[in-house]
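Student: I am new to this structure and would like to learn how to read it. Could we go through it feature by feature?

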Amino acid sequence: MEPEDKDAPRPPRRAVTATRARDMGLLIVAVVAGAAVAPFGSPVAGVLGGTALVAALRLAMPTGDRHRQEHRPAAPPDTPGPASGEGVPLDRLPLALLLIDGEATVTFCSDDARALLARDPVGQHISVLFRAPAVLAAVNRSLTGGGDETIEFLARRPRQRHLRAAVRALDGPARVALTLHDVSQSYRLDAMRMDFVANASHELRTPLAAISGMVETLQGPAREDEANRDRFLGIIAREAARMARLVDDLLSLSRIELQANIAPTTPEDLRPLVAEAVSAMTPLAAENGNTLRVDLGEGPLTVPGERDELIQVFNNLISNAIRYGGADRPIDIVRADAPEGRVAIAIRDRGEGIDPSLVPRLTERFFRVNKRDSISRGGTGLGLAIVKHILTRHGGELRIESVPGEGSRFTVHLPRQPGR
Ligand SMILES: Nc1ncnc2c1ncn2[C@@H]1O[C@H](COP(=O)(O)OP(=O)(O)OP(=O)(O)O)[C@@H](O)[C@H]1O
Ligand SMILES: [Mg+2]
């Protein structure tokens with residue numbers, strides 16, 4: 001790092017002096033101008049007019065110029081106070097801002113930066129504050145005449161986060177302004193997107209590999225094998241159906257996500273929608289020996305909703321209760337307690353239940369407690385992710401309670417239609 005020349009005139013003092021001289025000049029010009037225009041050429045009117053003009057001109061000054069004044073070293077350089085000017089205290093700006101001197105030491109820290117870093121870094125060298133070498137390198141480049149730059153780095157304290165730092169050179173006692181922005185969320189979204197593409201490709205590749213294998217077998221060794229041919233064709237049909245289901249679910253998910261910010265407004269009575277889902281699931285339930293018992297009680301159950309999406313919610317939850325709720329056991333679809341302004345419907349099964357540590361993961365895309373079991377029952381692992389997205393779009397939520405060995409209860413909460 002370049003040592004600072006202590007004898008060199010410090011730029012901000014120059015700036016402040018220049019500003020004062022300019023103000024004086026403006027004042028003189030204004031007094032003359034004011035005197036010329038004031039009635040009877042009164043010098044008092046001239047001074048008042050001049051003062052007003054100086055104030056107006058100073059207010060109209062470019063922000064950078066004003067800030068340069070804000071950082072004038074009113075206090076000795078080692079004990080900088082919060083910078084402020086024109087009544088705007090910099091530390092209160094909604095911005096994580098650090099000012100750094102020629103020694104790469106922090107001289108000012110806004111409230112937001114202090115909260116982001118969970119410490120007061122004033123007086124600390126930038127290399128102590130950030131372990132990532134990229135930050136020190138960017139500050140050094142800025143101190144030695146480099147241009148503005150923006151870097152992203154991994155901060156490990158107070159917790160692991162991706163931060164974006166914008167570095168700008170200044171010509172005051174503060175030689176560098178550095179702003180920080182937490183971009184961890186966008187890193188997480190990128191990671192999720194990559195995971196999703198990897199998962200979706202994997203899910204599609206498995207049935208595709210099975211189909212290709214069967215086709216090769218039919219073209220080769222099993223060409224004349226009548227008995228096996230039908231079996232292989234059956235497998236091809238099953239795997240193709242699985243791929244079709246997967247593509248349908250993926251499309252459904254992306255359609256719901258596209259509309260995530262458009263809340264439905266059409267009043268929908270949940271009773272006929274639940275009845276429709278129950279009748280669609282009755283054949284599957286009968287096959288598995290389950291009885292679907294519906295009791296939605298009295299009173300209105302109207303919500304602002306998208307009919308098809310709400311039917312899909314109940315279809316997915318009832319089909320899960322049938323798939324994972326055990327054979328020959330009843331499944332209850334009942335009205336549940338809900339706070340004022342909400343309605344709730346619970347789907348309760350008496351299956352094996354789910355380990356409590358896995359419950360928060362159930363709505364993740366492609367998550368299955370037992371993948372082989374889910375696939376053998378035709379599952380894609382997207383059902384509950386779709387339910388969650390639909391309910392979120394409706395301003396509702398899914399609550400899951402499960403007791404291993406006793407069963408699970410999935411409760412749909414939705415906002416009630418206003419006035420119903
Ligand atoms: N009622 C339930 N009881 C026990 N486990 C359940 C229940 N509902 C869901 N699960 C578990 O949650 C996992 C995810 O469910 P989800 O509905 O998202 O996918 P899936 O049923 O495997 O496939 P599909 O996309 O066809 O619905 C299931 O694989 C299962 O392990
Ligand atoms: Mg499912």
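Student: Which residue in S14 is the bridge partner of Arg342?

Tutor: This is a predicted model, and every value here is computed from it. In S14, Pro415 is the bridge partner of Arg342. That pair belongs to the contact of S12 with S14 (residues 407-415), an antiparallel pairing over seven bridges.

Student: Which other strand pairs with S14?

Tutor: Strand S13 (residues 397-403) pairs with S14, in the antiparallel sense and over seven bridges. One position to look up is Glu397, whose bridge partner in S14 is His413.

Student: How many residues lie between S13 and S14 in their hairpin?

Tutor: Three residues lie between them, and Gly405 in the turn has a positive phi of about 90°. A second hairpin is made by S3 and S4, with five residues between the strands; there Ala104 takes a positive phi near 65°.

Student: Where does S3 find its partners?

Tutor: S3 has antiparallel pairings with two strands, S7 (residues 176-182) over five bridges and S4 (residues 106-109) over three bridges. For single positions, Leu99 stands opposite Ala177 in S7, and Leu98 stands opposite Cys109 in S4.

Student: Why is S3 described as largely enclosed by the rest of the structure?

Tutor: A residue counts as buried if 20 or more other C-beta atoms lie within 10 Å of its own. Strand S3 (residues 96-100) is largely enclosed because five of its five residues are buried. Both faces are covered, with Ala96, Leu98 and Ile100 on one side and Leu97 and Leu99 on the other. For the protein as a whole, 25% of the 420 residues count as buried.

Student: Now a helix. How is the span of H9 checked?

Tutor: The general idea is to allow 1.5 Å a residue and look at the ends. Helix H9 (residues 270-288) has 19 residues and should therefore span 27 Å; its end C-alpha atoms are 26 Å apart, which agrees.

Student: Where is the kink in H9?

Tutor: The kink lies at Thr282 and is about 45°; the proline Pro283 follows shortly after. Just after the helix, Gly289 takes a positive phi of about 75°.

Student: Which residues of H9 are buried?

Tutor: The general idea comes first. An α-helix has 3.6 residues a turn, so residues three or four places apart point the same way. In this helix the buried residues are Leu270, Leu273, Val274, Ala277 and Met281. Their cover includes H10 and several strands, among them S8 (267-269), S9 (292-295) and S10 (302-304). Strands S11 (331-336) and S12 (342-348) also take part in that cover.

Student: What surrounds ligand 1?

Tutor: The shell has 23 residues, and the closest are Arg368, Val369, Gly379, Gly383 and Leu384. Two helices, H10 (307-324) and H12 (383-393), each supply at least two residues of the shell. The largest share, four residues, comes from H10.

Student: How does the shell divide by class?

Tutor: It has nine nonpolar, 11 polar and three charged residues.

Student: How many helices and strands does the protein have?

Tutor: There are 12 helices and 14 strands. On contacts, take those between residues at least 6 apart in sequence: 57% of them join residues at least 24 apart.

How values were computed. Residues are numbered from 1 along each chain as its sequence is written. Chains are lettered from A and ligands numbered from 1 in the order in which they are written. This is a predicted model: local features need pLDDT of at least 70, side-chain atom pairs count only at pLDDT 80 or more; totals for chains, interfaces and linings use all residues. A residue is near a molecule or strand if its C-beta atom, placed from the backbone, lies within 6 Å of it. Ala, Val, Leu, Ile, Met, Phe, Trp, Tyr, Cys and Pro count as nonpolar, Asp, Glu, Lys and Arg as charged, and the others, Gly among them, as polar. The expected span of a helix is 1.5 Å times one less than its number of residues. The bend at a residue is the angle between axes fitted to the seven residues ending there and the seven starting there. A residue is buried if 20 or more other C-beta atoms lie within 10 Å of its own, exposed if 12 or fewer, and partly exposed in between; C-beta atoms are placed from the backbone. Two residues are in contact if their C-beta atoms, placed from the backbone, lie within 7 Å. Two strands pair if DSSP finds at least two bridges between them.
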